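Grab a pencil and work through these short exercises with the model open beside you. Each task comes with its solution, one step at a time.

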Amino acid sequence: MPNQSKEELPIFLVGFMGSGKSTIGTCLAAKLDRPFIDLDELIETTIRRSIAELIDDRGEEEFRAIESRALRECARSGAPVIATGGGVILRAENRELMSKTGVTVWLDAPFELCWQRISADAAVRPLAPDRETALARYNARNEHYKESQLHIEIGEDLTADAAADVIVKLLVELSSVQYREL
Ligand code: S3P
């Protein structure tokens with residue numbers, strides 16, 4: 001963890017597709033009066049095409065390289081709230097960057113809720129084409145999400161506003177722990 005006050009650090013929201021990173025992130029940024037960055041949107045604006053098209057055309061590895069570059073840019077740009085893509089934790093360099101430059105928050109949603117949202121969403125997610133593939137990825141990724149500094153359980157009834165309030169509370173607690181350790 002960097003030796004800086006939590007107020008100056010980027011906040012990285014991590015979690016599986018459909019865990020609510022973008023909606024909760026928007027709410028959290030407003031509460032903290034910080035800029036909000038949606039990493040997927042930033043990538044799509046930069047490459048001027050959809051991530052689904054990029055993966056279809058150039059493959060996942062090419063996408064992951066672009067994702068890592070975009071993440072590095074975000075980590076340098078002040079102290080935003082960043083909604084990352086669900087697979088950002090796959091690369092060790094991304095995990096290291098996030099833990100060294102900011103605070104990581106895992107939005108821990110049960111698979112069924114994620115799948116329900118993925119299936120209902122108009123956005124195409126090429127890495128979750130069916131339930132079985134999505135579940136295998138979900139299970140394989142949990143060990144990395146678990147490394148996050150902060151953890152919040154996401155349930156169907158938890159609104160984005162309430163989730164953001166919980167995260168604000170966790171951040172305040174983390175800051176006071178860090179303050180006592182100084
Ligand atoms: C991915 C998640 C997506 C997007 C891409 C790959 C993944 O973002 O980055 O389709 O590997 O989990 P969301 O988590 O915002 O859906």
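A pocket is an open set of grid points with protein on both sides within 12 Å along at least five of seven lines. Keep in mind that this model is predicted.

**Exercise 1.** Find which pocket the ligand takes up, and list residues around the ligand.

*Solution.* Step one: the space that the ligand takes is the largest pocket. Step two: look around the ligand, and you'll meet residues including Met17, Ile51, Phe63, Arg64, Arg125, Leu127 and Arg141.

**Exercise 2.** Work out how far oxygen atoms of the ligand are from polar atoms of lysine 21, aspartate 40 and glycine 87.

*Solution.* Start with lysine 21: a polar side-chain atom there sits 2.8 Å from a ligand oxygen. Next, for aspartate 40, a side-chain N or O atom is 2.6 Å from a ligand oxygen. Finally, glycine 87 uses a polar backbone atom, 3.2 Å from an oxygen of the ligand. As for cover, the ligand alone exposes 390 Å², and the protein buries 93% of that.

**Exercise 3.** Place valine 105 in the largest nonpolar core.

*Solution.* This core has 53 residues, and Val105 is among those touching the most other members, along with Phe16, Leu39, Ile154 and Ile167. Then check valine 105's contacts beyond four places in sequence: among them are Ile11, Phe12, Leu150 and Ile167.

Notes
Residues numbered from 1 in each chain as written. Predicted model: local features only at pLDDT ≥ 70, side-chain atom pairs only at ≥ 80, totals over all residues. Heavy atoms only, no water. Core = buried A, V, L, I, M, F, W, Y, C linked by side-chain atoms within 4.5 Å. Buried < 20%, exposed > 50% of the residue type's maximum accessible area, 1.4 Å probe, protein only. Contact = heavy atoms within 4.5 Å. Near = heavy atom within 4 Å. Polar contact = N/O pair within 3.5 Å; in protein donor to acceptor, adjacent residues only side chain to side chain. Areas by Shrake-Rupley, 256 points an atom, 1.4 Å probe, with all protein chains shown as cover. 1 Å grid on protein atoms, 1.4 Å probe; cavity = no way out; pocket = protein on both sides within 12 Å on 5 of 7 lines; lining within 4 Å. Sits in = over half its atoms within 2 Å of the grid points.
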